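The following exercises train the reading of a protein model together with its bound nucleic acid. Each task is followed by a solution in steps.

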Protein chains: 2
Amino acid sequence: MTLGWEEIRAEVLRRIRVRDWPPGALIPGEEALAEEFGVARATVNRALTALAEAGVIERKKRAGTRVAALPVRRARLEIPVIRLDVLGRGLAYDFRLMADRQVPAPVPVAARLGLPEGQPMRYLETLHLAGGLPFVLETRWLNPAVLPDPPPDFAAVSANEWLVTHVSLVSGDIAFTAEPATPREAEVMGVAPGTPLLVAERTTQGMAGPVTLVRLAHAPGHRVVMTF
Amino acid sequence: MTLGWEEIRAEVLRRIRVRDWPPGALIPGEEALAEEFGVARATVNRALTALAEAGVIERKKRAGTRVAALPVRRARLEIPVIRLDVLGRGLAYDFRLMADRQVPAPVPVAARLGLPEGQPMRYLETLHLAGGLPFVLETRWLNPAVLPDPPPDFAAVSANEWLVTHVSLVSGDIAFTAEPATPREAEVMGVAPGTPLLVAERTTQGMAGPVTLVRLAHAPGHRVVMTF
DNA sequence: CCGGCTAATATGTCTAGACATAATTCAAGT
DNA sequence: ACTTGAATTATGTCTAGACATATTAGCCGG
């Protein structure tokens, strides 16, 4: 039986786990491991590269490879389109466009996106429903420069989904916070004002500049789950 | 100038972004791309493998490579040890061990970890401080089977940090929720009961079974930030 | 028309060898 | 002592070719 790179990764990981190679220790070079396992150096390299990406080891040219002393655990969050998220929970999906206006960007919004203050923006408020009940209230500021002419009908396709399929998003970030429901959120979602809501705030940048700032206020009890 | 795999990845990504290759479309095979870019197939493979890991494309043997129709955006969360998280914010770190008891596992805890009900467990309550102010209240159930004899002094090293460096964690998950501060949390953290708190609940499994279930209640206003 | 076998094909992985690059060590030279 | 530069070394990447594996398309017999 001949070894593949995944088996080598597993074996190296095992030795780290049983503290054969304790945190901070230097592990043998690729050449030595290749000989030990009877494979080409490239195969060892593939395995170690994968472990480095996972944060288990740290590699430096000339200095060699060492076991990460304080392994940074990385969790991956897959952010699906809201519709698929709901369907994935076995619930019926629907949404309602609650507001759609052209408004000058308020200062905090403009600042977050790096746009001039007062720049006209599309403001959208969409309530996503799961099984007929409020699931997420989406409050979105959209840079109209990214929209085609004529603009899409966000009452037919949710802005969430239209953007994913029609705009090339380059980078962005998400921040999760716990916030008391605003009066508006309380009213729309049918909860008491001040109820703790899990809020995700996302900004995204496209190729041609800032695209959107969106606040997703999740219904009480919502859990965002990640595995590592 | 000769092309490397990162440049090929960038070029393929560019073509996807400008919709040269729209979502759902089949892109040329590795052989064809290799010829076009004047590199070996392995180099193209390296580039495409990276894009597939990022969720931009989907690859299947025989069927070829196609642009992901609904690109699932993946965000990565790096979970540092709390001490480093605080120091990284430029604040002084300290912690206080508020409780340390041996208690039979309550049903929900035992169930979440897959341990028999009533199993004796170590219960730890640690308040982490940033700049002298409450930062996180850590409520931890720890499987004593993973502890050495004699057990470490969690008043000297926080359980959070001791576990990372001394126990090989194999897998686990994190869930974020927004919850009203319990009376205990309100008292310890100096906030009004019911204040929305961002709560992270983590379970981790080691090689020799379940390790710990921990609830991290973050001070109001805490943001968990991820980039993608 | 359908089920199953077979051949074709694109990706997945491996090898052996080469050169590139970064980082460290150590020897000069000022 | 301090700086500069060259040799060394481990990882990073690339090549050309090979075989492995999954999946599909098509053929063929019932």
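The exercises below concern a predicted model and proceed from the sheets to the DNA strands.

**Exercise 1. Determine the strand order of the sheet in chain A, and explain why one side of each edge strand lacks a neighbour in the sheet.**

Solution.
Step 1. The strands of chain A follow the order β1-β3-β2 in an open sheet of three strands, and their pairing is antiparallel.
Step 2. The edges are formed by β1 (26-27) and β2 of chain A; each has a single partner strand, so one side of each is left without a neighbour in the sheet.
Step 3. β2(A) and β3(A) run antiparallel and are joined by four bridges. Within this pairing, A:Ile57 has A:Val67 in β3(A) as its bridge partner.
Step 4. As background, the strands of a sheet pair through backbone hydrogen bonds, in either a parallel or an antiparallel manner.

**Exercise 2. State which strands of chain A are crossed by α3(A), and at what angle the helix runs to β2(A).**

Solution.
Step 1. The helix α3(A) lies across β1 and β2 of chain A.
Step 2. Its direction makes an angle of about 115° with β2(A).

**Exercise 3. Describe the sheet of chain B and the placement of α3(B).**

Solution.
Step 1. Chain B has an open sheet of three strands in the order β1-β3-β2, with antiparallel pairing. Its edge strands, β1 (26-27) and β2 (57-60) of chain B, each pair on one side only.
Step 2. Four bridges link β2(B) with β3 (residues 64-67) of chain B in the antiparallel sense. The bridge partner of B:Ile57 in β3(B) is B:Val67.
Step 3. α3(B) lies across β1 and β2 of chain B and runs at about 120° to β2(B).

**Exercise 4. Identify the protein surface near DNA strand D and the side chains that approach this strand through polar atoms.**

Solution.
Step 1. DNA strand D is surrounded by 23 residues, and the closest are A:Arg41, A:Arg59, B:Gly4, B:Trp5 and B:Thr43. By class, this surface has five nonpolar, seven polar and 11 charged residues.
Step 2. α3 (41-53), β2 (57-60) and β3 (64-67) of chain A, together with α3 (41-53) of chain B, each supply at least two residues of this surface. The largest share, four residues, comes from α3(B).
Step 3. Of the atoms of DNA strand D within 4 Å of the protein, 69% belong to sugar or phosphate and the rest to bases.
Step 4. An N or O atom in the side chain of B:Thr43 is 2.4 Å from a phosphate oxygen of DNA strand D. Base oxygens of this strand are approached by the side chain of A:Arg62, at 2.8 Å, and by that of B:Arg62, at 3.1 Å.

**Exercise 5. Carry out the corresponding analysis for DNA strand C.**

Solution.
Step 1. 23 residues surround DNA strand C, and the closest are A:Gly4, A:Trp5, A:Thr43, B:Arg41 and B:Arg59. Sugar and phosphate account for 70% of the atoms of this strand that come within 4 Å of the protein.
Step 2. At least two residues of the surface come from each of α3 of chain A and α3, β2 and β3 of chain B. α3(A) gives the most, with four residues.
Step 3. A phosphate oxygen of DNA strand C is 2.4 Å from a side-chain N or O atom of A:Thr43, and a phosphate oxygen is 3.0 Å from one of B:Thr65. A polar side-chain atom of B:Arg62 lies 3.0 Å from a base nitrogen of DNA strand C.

How values were computed
Residues numbered from 1 in each chain as written. Chains lettered and ligands numbered in written order. Predicted model: local features only at pLDDT ≥ 70, side-chain atom pairs only at ≥ 80, totals over all residues. Heavy atoms only, no water. Near = heavy atom within 4 Å. Polar contact = N/O pair within 3.5 Å; in protein donor to acceptor, adjacent residues only side chain to side chain. Nonpolar A, V, L, I, M, F, W, Y, C, P; charged D, E, K, R; others polar. Pairing = 2+ DSSP bridges. Contact = heavy atoms within 4.5 Å. Axes fitted to C-alpha atoms, helices over the stretch in contact; angles between N-to-C directions.
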